[in-house]
Amino acid sequence: MKHLIFGAMLGILAVPAHASTIKNACLSAERRGDYGLCACIQAAADRTLSKRDQRLAASFFRDPDRAQEIRRSDRPAHEVFWDRYRAFGEMAEAFCS
């Protein structure tokens, strides 16, 4: 049921096809995510992260240690980003698992 609701949300709040930073990183990741899962994760990113945030988050697929650097950073911008990133992760987990 939650997938139907999320699907309806996606239909109403459609995003441009070129907005696929996270999806592309997911698909090219070493673990090779499947297209449907990566598209769902992208949809969650589009709802919770700015394009700039998405570029930073996509870099975590290539360099997971970068995520730890950002999470441990004392820079206010990184702390605020991490709050948004956590919300993105929670949304992706709720709708894409």
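**Group meeting: a pocket, a core and an aromatic cluster**

Let me start with a pocket. Sort the lining of the second largest pocket by class, and you get 4 charged, 3 nonpolar and 1 polar residue. Keep in mind that this is a predicted model. The volume of this second largest pocket is about 150 Å³. Which residues line the second largest pocket? They are Arg52, Asp53, Leu56, Arg75, Ala77, His78, Phe81 and Arg84. Two elements give two or more residues to that lining: α4, residues 51–62, and α6. Helix α6 provides the largest share, with 4 residues.

Now the overall fold. The protein chain has 6 helices and 0 strands. Read from the N terminus, the order is α-α-α-α-α-α. The chain has 97 residues, and 35% of them count as buried. Next, contacts along the chain. Take the contacts with a separation of 6 or more: 60% of them join residues 24 or more positions apart.

On to the core. The largest nonpolar core has 20 residues. Which residues have the most contacts inside it? Those are Ile22, Ile41, Phe60, Ile70, Phe81, Trp82 and Phe88. Five elements are listed as giving two or more residues to this core: α2 (21–28), α3 (35–48), α4, α5 (64–72) and α6. Note Phe81. Phe81 is on that list of core residues, and Phe81 also lines the second largest pocket.

That brings me to the aromatics. The structure holds 7 aromatic pairs. One of them joins phenylalanine 81 and tryptophan 82. Their ring centres are 6.3 Å apart, with 65 degrees between the planes. That makes the pair edge-to-face. Are these two residues buried or exposed? Phenylalanine 81 and tryptophan 82 are both buried.

Here is another pair: tyrosine 85 and phenylalanine 88. The centres of their rings lie 5.7 Å apart and the planes are at 50 degrees, so this pair is tilted. Where do the two residues sit? Both are in helix α6, residues 76–96. They are 3 residues apart, about one turn of the helix. Their exposure is worth a look. Tyrosine 85 has 22% relative accessibility, so it counts as partly exposed. Phenylalanine 88 has 7%, so it counts as buried.

These residues belong together. Phe60, Phe81, Trp82, Tyr85 and Phe88 form one aromatic cluster. What does tryptophan 82 touch, leaving aside its neighbours within four places in sequence? Its contacts are Phe60, Ala67, Ile70 and Arg71. Phe60 and Ile70 also appear among the core residues with the most contacts.

Next, the other end of α6. Cysteine 96 is found in this helix. Why does cysteine 96 count as buried? Its relative accessibility is 15%, and the cut-off for buried is under 20%. Not counting residues up to four places away in sequence, cysteine 96 touches Leu37, Cys40 and Ile41.

Now follow a short chain of distances. Cysteine 96 and alanine 43 are 53 residues apart in sequence. In space, C-alpha to C-alpha, they are 9.6 Å apart. Alanine 43 belongs to helix α3. With 8% relative accessibility, alanine 43 counts as buried. The next step goes from alanine 43 to isoleucine 22. They are 21 residues apart in sequence, and 9.0 Å separates their C-alpha atoms. Isoleucine 22 is one of the core residues with the most contacts.

Last stop: a loop. Serine 73 lies in the loop between α5 and α6. Is serine 73 buried or exposed? Serine 73 is buried, because its relative accessible area is 15%. Which residues does serine 73 contact, leaving aside neighbours within four places? Those are His78 and Glu79. His78 takes us back to the start: His78 is among the residues lining the second largest pocket.

To recap. Helix α6 gives the largest share of that pocket lining. Helix α6 also gives two or more residues to the largest nonpolar core. And helix α6 holds the tyrosine 85 and phenylalanine 88 pair.

Technical notes. Residues numbered from 1 in each chain as written. Predicted model: local features only at pLDDT ≥ 70, side-chain atom pairs only at ≥ 80, totals over all residues. Heavy atoms only, no water. Phe/Tyr/Trp six-rings, centres within 6.5 Å; stacked < 30°, edge-to-face > 60°. Buried < 20%, exposed > 50% of the residue type's maximum accessible area, 1.4 Å probe, protein only. 1 Å grid on protein atoms, 1.4 Å probe; cavity = no way out; pocket = protein on both sides within 12 Å on 5 of 7 lines; lining within 4 Å. Points joined across faces, edges and corners; volume = space filled by probe spheres on them. Nonpolar A, V, L, I, M, F, W, Y, C, P; charged D, E, K, R; others polar. Core = buried A, V, L, I, M, F, W, Y, C linked by side-chain atoms within 4.5 Å. Contact = heavy atoms within 4.5 Å.
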